Amino acid sequence: QVQLVESGGGLVQAGGSLRLSCAASGTIFSINTMGWFRQAPGKQRELVATIASDGSTNYADSVKDRFTISRDNAKNTVYLQMNSLKPEDTAVYYCNADKVRVGVIQYKRDCWGQGAQVTVSS
């Protein structure tokens, strides 16, 4: 019904940049908040950034001033521009949509992508 697919991951050197994309597909009327989470090996998944449907954003302190989240509502796509990457940014990055309207009164909550690997070498 709703599928999120991430793209844009890869290997970069410290100080480099990557741009992640996440496209939601299916029968979608609208999406409330979209966001990015990441999970390093052996660690819990953590919030990176979120963006609400009105464009308001929220960032983890560790990525403020380096990462920028944005979205294209017409395409149901969220982006994460990552600059000045550090080795500690290495993780699998997951896209999330917290509330997706899929019908007149039907919703899907907590939709997740399968993840995109981001590796930053020192």
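Ser7 has Ser21 of strand S3 as its bridge partner. The model is predicted; local features require pLDDT of at least 70, side-chain atom pairs count only at pLDDT 80 or more, and totals for chains, interfaces and linings use all residues. Residues are numbered from 1 along each chain as its sequence is written, and side-chain values use heavy atoms, with hydrogens and water left out.

The Ser7 bridge belongs to the contact between S1 and S3 (residues 18–26), which pair in the antiparallel sense over 6 bridges. Pairing of two strands requires at least two bridges found by DSSP. Strands themselves are DSSP runs of E with at least two residues, helices are runs of H or I with at least four, and both are numbered from the N terminus. S1 and S3 form part of an open sheet of 4 strands. Its order is S1-S3-S9-S8, and the pairing is antiparallel. Strands S1 (2–7) and S8 (67–72) each have a single partner strand, so they stand at the edges and one side of each has no neighbour in the sheet. From one strand to the next, the twist averages 15°. For such angles, axes are lines fitted to C-alpha atoms, for helices over the stretch in contact, and values run from 0 to 180 degrees between N-to-C directions.

A second set of pairings centres on strand S5. S5 spans residues 34–39, and 5 of its 6 residues are buried. Buried denotes under 20% relative accessible area, exposed over 50%, and partly exposed the range in between (1.4 Å probe, protein chains only). S5 runs antiparallel to strand S6 (residues 46–51), with 5 bridges joining the two. Here Gly35 stands opposite Thr50 of S6. The hairpin of S5 and S6 has 6 residues between the strands. In this hairpin, Gly42 adopts a positive phi near 75°. S5 also runs antiparallel to S10, to which 6 bridges join it. Gln39 stands opposite Val92 in S10.

The structure holds 1 disulfide, a term reserved for a pair of cysteine sulfur atoms within 2.5 Å. It joins Cys22 to Cys95, with an S to S distance of 2.1 Å. The link is left-handed, with -85° about the S-S bond. Cys22 lies in strand S3 and Cys95 in strand S10 (residues 91–101), so the pair ties together parts that are 73 residues apart in sequence. Cys22 is buried, at 0% relative accessibility. Cys95 is likewise buried, at 0%. Cys111 is a further cysteine, and the closest cysteine sulfur to its own is that of Cys95. The separation is 9.6 Å, too far for a bond. Cys111 is buried too, with a relative accessible area of 11%.

Backbone geometry sets two further residues apart. Most residues other than glycine have a negative phi. Asn76, which is not a glycine, has a positive phi of about 50°. This residue is found in the loop between S8 and strand S9 (77–82). Asn76 counts as buried, at 17% relative accessibility. Asp110 also has a positive phi, near 55°, and is a residue other than glycine. Asp110 is found in strand S11 (residues 107–112). With 49% relative accessibility, Asp110 counts as partly exposed.

Over the whole protein, there are 12 strands and 0 helices. The radius of gyration is 14 Å, close to the 14 Å that the globule rule gives for 122 residues, so the protein is as compact as a globular protein of that length. This radius is taken over C-alpha atoms, and the rule is 2.2 Å times the number of residues to the power 0.38. Along the principal axes, the C-alpha atoms fill a box of roughly 50 × 25 × 20 Å. Of the 122 residues, 43% count as buried. Among contacts with a separation of 6 or more, 55% come from residues 24 or more positions apart. Contact here means heavy atoms within 4.5 Å. The accessible surface comes to about 6,600 Å², and carbon and sulfur atoms hold 45% of this area. Accessible areas come from the Shrake-Rupley method with a 1.4 Å probe; for residues, only the protein chains shown count as cover.
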